[in-house]
2 protein chains.
Amino acid sequence: MALDISELSDRKKLILKAIVEAHIKLGEPVGSKYLMQEANIGYSSATIRNEMAELEDLGYLEQPHTSAGRIPSEMGYRFYVDTLVTQYDATTREASELKKMLSFKMSEIDKILENATKVASAITNYTALSLRPRPSSITMKRYEAVYIDAHSYIIIMIASGVDSVKTRNVKLPYEVTPELISALSTVLNKNLLGLSINDINISVIMNMERELEEQSAKEQKLCAELISVTIKSIYETMNELGSEIKFEGVNRLLEYPEYKNLDKLQKMISTIENKEDIIRAVSTIDQSDDETKIFIGSENMVKIMDDSTLIYKNLKLNGKTIGAIGIIGPCRMDYSKVLATIDQLSEEINRLSDIRALPNANNEESDK
Amino acid sequence: MALDISELSDRKKLILKAIVEAHIKLGEPVGSKYLMQEANIGYSSATIRNEMAELEDLGYLEQPHTSAGRIPSEMGYRFYVDTLVTQYDATTREASELKKMLSFKMSEIDKILENATKVASAITNYTALSLRPRPSSITMKRYEAVYIDAHSYIIIMIASGVDSVKTRNVKLPYEVTPELISALSTVLNKNLLGLSINDINISVIMNMERELEEQSAKEQKLCAELISVTIKSIYETMNELGSEIKFEGVNRLLEYPEYKNLDKLQKMISTIENKEDIIRAVSTIDQSDDETKIFIGSENMVKIMDDSTLIYKNLKLNGKTIGAIGIIGPCRMDYSKVLATIDQLSEEINRLSDIRALPNANNEESDK
DNA sequence: TTTTAGCACTCTTTTTGTTAGATTGCTAAA
DNA sequence: TTTAGCAATCTAACAAAAAGAGTGCTAAAA
């Protein structure tokens with residue numbers, strides 16, 4: 001099955017491309033007669049038939065049943081996107097609309113991702129998703145511990161690069177004072193700024209315990225415990241921050257006949273609702289990778305998502321990966337349009353940095 | 001059509017009840033023969049037939065077509081839940097499981113609601129939803145303003161009753177100092193504690209402006225603007241806090257034949273995805289109401305949700321409404337089970353207050 | 001008077017059969 | 001090497017028939 005691309009003649013490529021595009025357009029198996037008449041292939045249906053038979057032997061096409069036309073196999077789609085897809089030419093109208101939709105009152109990372117997802121889903125008419133950056137790449141640029149009462153305080157964390165603010169409520173089985181919490185603030189900022197989840201090791205923690213002890217003049221055990229629960233909270237927050245996934249336009253799935261099969265739809269919606277599977281699938285992708293990734297059908301994807309394609313790209317802002325955006329739909333997807341939309345979106349977001357630099361009077365929410 | 005309940009003979013009630021329950025179980029129209037054999041009604045099918053014909057005349061039953069059995073009309077369901085439903089006797093096993101699932105490491109309101117929704121969906125096998133309390137009933141017990149840089153600061157708000165913490169990032173077109181932001185903190189806490197969204201009026205705002213001016217010794221215009229954007233953020237946060245709605249188990253919809261109709265399913269999923277419609281529908285319910293509300297079919301519900309039932313109940317913790325929980329499913333719903341589950345859940349949550357009172361070592365996240 | 005058995009009638013669902021249409025693969029001719 | 005033509009295969013669509021379910025009504029039984 002592992003055949004060189006060079007094995008395909010130009011005519012085979014032409015025919016394969018025509019079949020994939022016709023199938024994307026119509027959603028039905030395409031036959032030799034249709035190809036001869038509608039696609040501009042200068043051969044008779046018999047010739048096309050022969051080529052199709054060979055393409056099927058090679059694994060690029062499939063035949064649902066004897067008297068049906070051919071549909072592309074996963075391998076066929078893969079070949080199509082890898083070599084044949086002609087870049088979709090986003091019309092100027094669409095591009096400017098996209099820019100308008102995106103630039104609307106945004107600055108905070110969650111907002112950008114949310115909006116990008118909405119725009120992507122609206123323009124492509126497929127289900128879109130967004131992901132936060134991986135936990136390992138998240139660092140904080142500021143910590144703040146706020147005393148609530150003798151048995152609880154709040155940690156506020158501001159993530160670097162993006163203005164995302166997270167808070168966490170910590171309850172304690174022992175008593176603390178406002179002074180101790182304030183000292184905790186100082187220690188956190190002194191020791192943890194810029195550290196990622198992997199950088200926070202025992203020696204860092206030990207050091208923090210010692211410093212808190214010195215600063216607060218409280219007993220060693222109390223300080224150790226306070227640092228311990230605090231670190232645990234920070235750890236959990238960083239993890240969560242790195243695995244948020246959001247969907248937009250789930251209902252659009254229903255517009256495509258491939259999900260009219262309720263079993264498939266059921267599985268797809270479960271996958272979307274549970275999220276973990278998709279997060280795991282996407283976690284294999286290098287975060288600094290600038291390429292648009294395409295997973296067709298069963299290609300190392302979540303097993304449940306056979307027959308579906310995920311197109312996925314990391315988003316950068318000021319050179320830093322702030323997350324990723326993806327589109328999910330049937331294998332029979334308008335690849336050129338989706339690819340163009342995703343590329344353009346990521347470009348526009350990159351360009352947003354200029355807007356962000358300007359101070360402005362909009363208040364932006366930080367959490368939701 | 002507006003007939004007294006007293007008009008129904010006991011036998012009619014018996015038969016109506018049997019029909020509703022059989023239809024809930026089977027999902028199909030039920031006929032006289034089935035009732036005679038399976039339900040324990042001591043009459044012949046002919047007698048049952050006569051009664052059924054009369055129940056149909058009275059509006060309690062419907063006949064999809066001549067040779068089909070009867071299905072309950074909305075009015076039939078309504079009568080069933082109002083008078084006939086025998087309280088589902090949650091087995092001890094189920095009850096204890098429920099308690100176990102609920103009590104797991106919870107204290108923060110979001111967690112409680114999220115968990116309750118999951119449990120409700122899992123036990124009933126329908127789609128569950130949760131809502132936050134209405135904006136008008138939300139007050140804050142603490143404000144904290146944290147200086148970030150000359151052009152931005154963060155407001156932290158802690159909602160009363162529940163430990164829900166919200167933060168908001170505010171960007172400014174003019175410069176501020178740490179001292180000014182600290183003064184802002186003081187002013188906020190002095191003036192806004194315990195005030196709901198409706199209580200914050202012009203005179204409160206004017207007073208805050210004056211106090212901030214005195215405290216910070218900054219120029220009047222700057223103080224006025226700072227108060228203004230801050231109030232705007234607080235206002236938005238309170239509003240958001242009061243209209244959060246979350247769903248769990250959407251995929252379960254697909255298990256019921258009434259949603260096999262893709263059109264209906266499509267509408268339902270859109271409704272769920274857009275949320276506003278449901279929020280609006282539920283907003284009509286008195287928040288202090290302790291009753292379990294049942295909306296069957298077209299009864300003053302979102303128009304899109306014809307053929308579906310929403311069961312809905314406010315949740316209280318320490319006597320205060322902390323939100324609400326609901327179940328959505330087909331009209332043909334296992335009412336007794338759903339009602340029992342919801343009632344039991346709300347009771348268990350009420351009882352959680354005891355657990356909450358104890359200090360404990362768990363840290364609980366506050367935002368997500 | 002109330003209940004029930006029986007039966008004709010209606011409508012749906014399932015089955016079966018038939019036909020028309022689509023598409024292929026193969027063969028033989030161009 | 002390409003193409004025309006044709007038999008073979010399969011599906012989709014339609015129609016007709018049969019089976020099944022349930023009712024309403026009538027007349028007999030309790």
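Which base atom of DNA strand C is 2.7 Å from an N or O atom in the side chain of B:Ser67? The atom is a base oxygen of DNA strand C. The model described here is predicted.

## DNA strand C

DNA strand C is surrounded by 21 residues. The closest of them are A:Ser32, B:Thr47, B:Arg49, B:Thr66 and B:Ser67. Of the atoms of this strand that come within 4 Å of the protein, 75% belong to sugar and phosphate. By class, the surface near DNA strand C has 12 polar, five nonpolar and four charged residues.

Polar contacts to this strand involve several kinds of atom. The side chain of B:Ser67 has an N or O atom 2.7 Å from a base oxygen. In B:Arg11, a side-chain N or O atom is 3.1 Å from a phosphate oxygen of DNA strand C. A:Ser67 places a backbone N or O atom 3.2 Å from a sugar or linking oxygen of DNA strand C. The elements that give two or more residues to this surface are H3 of chain A and H3 of chain B. H3(B) gives the most, with four residues.

## DNA strand D

Around DNA strand D there are 21 residues. A:Thr47, A:Thr66, A:Ser67, B:Ser32 and B:Arg70 are the closest. Sugar or phosphate holds 69% of the atoms of DNA strand D within 4 Å of the protein, and the rest belong to bases. The surface near this strand divides into four charged, five nonpolar and 12 polar residues.

Two side chains of chain A approach base oxygens of DNA strand D. A polar side-chain atom of A:Ser67 lies 2.7 Å from a base oxygen of this strand. For A:Arg49, the distance from a side-chain N or O atom to a base oxygen of DNA strand D is 3.1 Å. The backbone also takes part: an N or O atom in the backbone of A:Ser44 is 3.3 Å from a phosphate oxygen of DNA strand D. Helix H3 (45-58) of chain A and helix H3 (45-58) of chain B are the elements that give two or more residues to the surface near this strand. The largest share, four residues, comes from H3(A).

## The second largest pocket

The second largest pocket holds about 370 Å³ of space. It is lined by 16 residues, and those closest to its centre are B:His23, B:Ile71, B:Glu258, B:Asp307 and B:Cys331. The lining has seven charged, six nonpolar and three polar residues.

Two elements of chain B, strand E2 (71-72) and helix H4 (74-84), each supply at least two residues of this lining. Where does the pocket lie with respect to domain 1 (5-84) and domain 2 (94-126 + 249-366) of chain B? Both domains give residues to the lining, so the second largest pocket lies between them.

## Two buried residues of chain B

B:Leu317 is part of strand E9 (residues 308-317) of chain B. Its relative accessible area is 5%; buried means under 20%, so B:Leu317 counts as buried. In sequence, B:Leu317 and B:Ile109 are 208 residues apart, while in space they are 9.5 Å apart, C-alpha to C-alpha.

B:Phe247 is in strand E7 (residues 245-248) of chain B. With a relative accessible area of 15%, B:Phe247 is buried. The C-alpha atoms of B:Phe247 and B:Glu114 are separated by 8.8 Å, and the two residues are 133 residues apart along the chain.

## Two residues with positive phi

Most residues other than glycine have a negative phi. A:Asn125, which is not a glycine, has a positive phi of about 70°. A:Asn125 is in the loop between helix H6 (109-124) and strand E3 (127-131) of chain A. Is A:Asn125 buried, partly exposed or exposed, given a relative accessibility of 25%? The value is between the cut-offs of 20% and 50%, so A:Asn125 counts as partly exposed.

B:Ala217 is a residue other than glycine with a positive phi, near 60°. The loop that holds B:Ala217 runs between helix H8 (202-216) and helix H9 (220-241) of chain B. The relative accessibility of B:Ala217 is 71%; exposed means over 50%, so B:Ala217 counts as exposed.

Definitions and conventions:
Residues numbered from 1 in each chain as written. Chains lettered and ligands numbered in written order. Predicted model: local features only at pLDDT ≥ 70, side-chain atom pairs only at ≥ 80, totals over all residues. Heavy atoms only, no water. 1 Å grid on protein atoms, 1.4 Å probe; cavity = no way out; pocket = protein on both sides within 12 Å on 5 of 7 lines; lining within 4 Å. Points joined across faces, edges and corners; volume = space filled by probe spheres on them. Nonpolar A, V, L, I, M, F, W, Y, C, P; charged D, E, K, R; others polar. Domains from an automatic or database assignment. Near = heavy atom within 4 Å. Polar contact = N/O pair within 3.5 Å; in protein donor to acceptor, adjacent residues only side chain to side chain. Buried < 20%, exposed > 50% of the residue type's maximum accessible area, 1.4 Å probe, protein only.
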